[in-house]
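Here is a short set of exercises to work through with the viewer open. Try each task by yourself, then compare your reasoning with the solution below it.

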Amino acid sequence: ANEQLDPENPQAKALQYVHKSAKEGQMCGNCALIQGADGEAWRPCGIFPGKLVNSEGWCAAWAKKP
Ligand code: SF4
C-alpha cells in the first residue's frame, strides 16, 4: 500500500510540501495533480509516485484544477 509522504523526504522538501496548507484557497484537495477519490483524507499525487498526500496539504507545484 502507498504510504503517507514524509515532509522531510528530499523531494517533498524541495517542493516545500506540508500536510496543512498555509495558502488560502490552495490545497492538495483542489490541486490539478491530485488523484484518487474526492473526500478521502490521504490521496495519491501525480508528482509523488507511491506516496499519499494530505487533502489539506500543499506544495509549490500546486496548480488550479481546470
Ligand atoms: Fe498537493 Fe503538490 Fe500534489 Fe498538488 S502537486 S496535490 S499541492 S502535493
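**Exercise 1.** Decide whether Gly-29 is buried, partly exposed or exposed, and place it in its surroundings.

Solution. Keep in mind that this is a predicted model.
- Step 1: the relative accessible area of Gly-29 is 22%. Buried requires under 20% and exposed over 50%, so Gly-29 is partly exposed.
- Step 2: for the secondary structure, look at the loop between α1 and β2, where Gly-29 is found.
- Step 3: list its contacts, ignoring neighbours within four places in sequence; these are Ile-34, Arg-43, Ser-55 and Lys-65.
- Step 4: check a distance. Tyr-17 is twelve residues from Gly-29 in sequence, and the two C-alpha atoms are 14 Å apart in space.

**Exercise 2.** Find which residues surround the ligand, and sort them by class.

Solution.
- Step 1: collect the residues with a heavy atom within 4 Å of the ligand. You should get Tyr-17, Cys-28, Cys-31, Leu-33, Ile-34, Cys-45, Ile-47, Phe-48, Val-53, Cys-59 and Trp-62.
- Step 2: sort the shell. It holds eleven nonpolar residues, no polar ones and no charged ones. Cys and Tyr count as nonpolar here.
- Step 3: turn to the space itself. What the ligand takes up is the largest cavity.

**Exercise 3.** Asn-54 and Ser-55 follow one another in sequence; work out where each one lies and whether it is buried or exposed.

Solution.
- Step 1: assign the elements. Asn-54 belongs to strand β3, which covers residues 51-54, while Ser-55 is in the segment after β3.
- Step 2: apply the cut-off of under 20% for buried. Asn-54 has a relative accessible area of 14%, so it is buried. Ser-55 has 13%, so Ser-55 is buried as well.
- Step 3: look for a polar partner of Asn-54. Its side chain reaches the backbone nitrogen of Glu-56 at 2.8 Å.
- Step 4: compare the contact lists, leaving out residues up to four places away in sequence. Asn-54 touches Tyr-17, His-19, Cys-28, Ala-41 and Trp-42. Ser-55 touches Met-27, Cys-28, Gly-29, Glu-40, Ala-41, Trp-42 and Arg-43. Cys-28, Ala-41 and Trp-42 appear in both lists.

**Exercise 4.** Describe how Met-27 is placed relative to Ser-55.

Solution.
- Step 1: locate Met-27, which is found in the loop between α1 and β2.
- Step 2: take its relative accessibility of 33%; Met-27 therefore counts as partly exposed.
- Step 3: take the C-alpha separation. Met-27 and Ser-55 are 28 residues apart along the chain, with 6.6 Å between their C-alpha atoms.
- Step 4: confirm the contact. Beyond four places in sequence, Met-27 touches Ser-21, Ser-55, Glu-56, Gly-57 and Trp-62.

**Exercise 5.** Do the same kind of analysis for Gly-46 and Leu-5, and say which class of accessibility each has.

Solution.
- Step 1: begin with Gly-46, in the loop between β2 (42-44) and β3. Its relative accessibility is 37%, so Gly-46 counts as partly exposed.
- Step 2: add its partners. Apart from neighbours within four places, Gly-46 is in contact with Leu-33 and Gln-35. The C-alpha atom of Gln-35, eleven residues away along the chain, is separated from that of Gly-46 by 6.9 Å.
- Step 3: move to Leu-5, in the loop between β1 (3-4) and α1. With 1% relative accessibility, Leu-5 counts as buried.
- Step 4: list what Leu-5 touches, again skipping residues up to four places away: Ala-12, Tyr-17, His-19, Phe-48, Lys-51, Leu-52 and Val-53. Among them, Tyr-17, Phe-48 and Val-53 also surround the ligand.

**Exercise 6.** What is notable about the phi angle of Gln-16?

Solution.
- Step 1: find Gln-16 in the loop between α1 (10-14) and β2.
- Step 2: read its phi, which is near 60°, a positive value in a residue other than glycine.

Terms used:
Residues numbered from 1 in each chain as written. Predicted model: local features only at pLDDT ≥ 70, side-chain atom pairs only at ≥ 80, totals over all residues. Heavy atoms only, no water. 1 Å grid on protein atoms, 1.4 Å probe; cavity = no way out; pocket = protein on both sides within 12 Å on 5 of 7 lines; lining within 4 Å. Sits in = over half its atoms within 2 Å of the grid points. Helix = DSSP H or I, 4+ residues; strand = E, 2+ residues; numbered from the N terminus. Buried < 20%, exposed > 50% of the residue type's maximum accessible area, 1.4 Å probe, protein only. Polar contact = N/O pair within 3.5 Å; in protein donor to acceptor, adjacent residues only side chain to side chain. Contact = heavy atoms within 4.5 Å.
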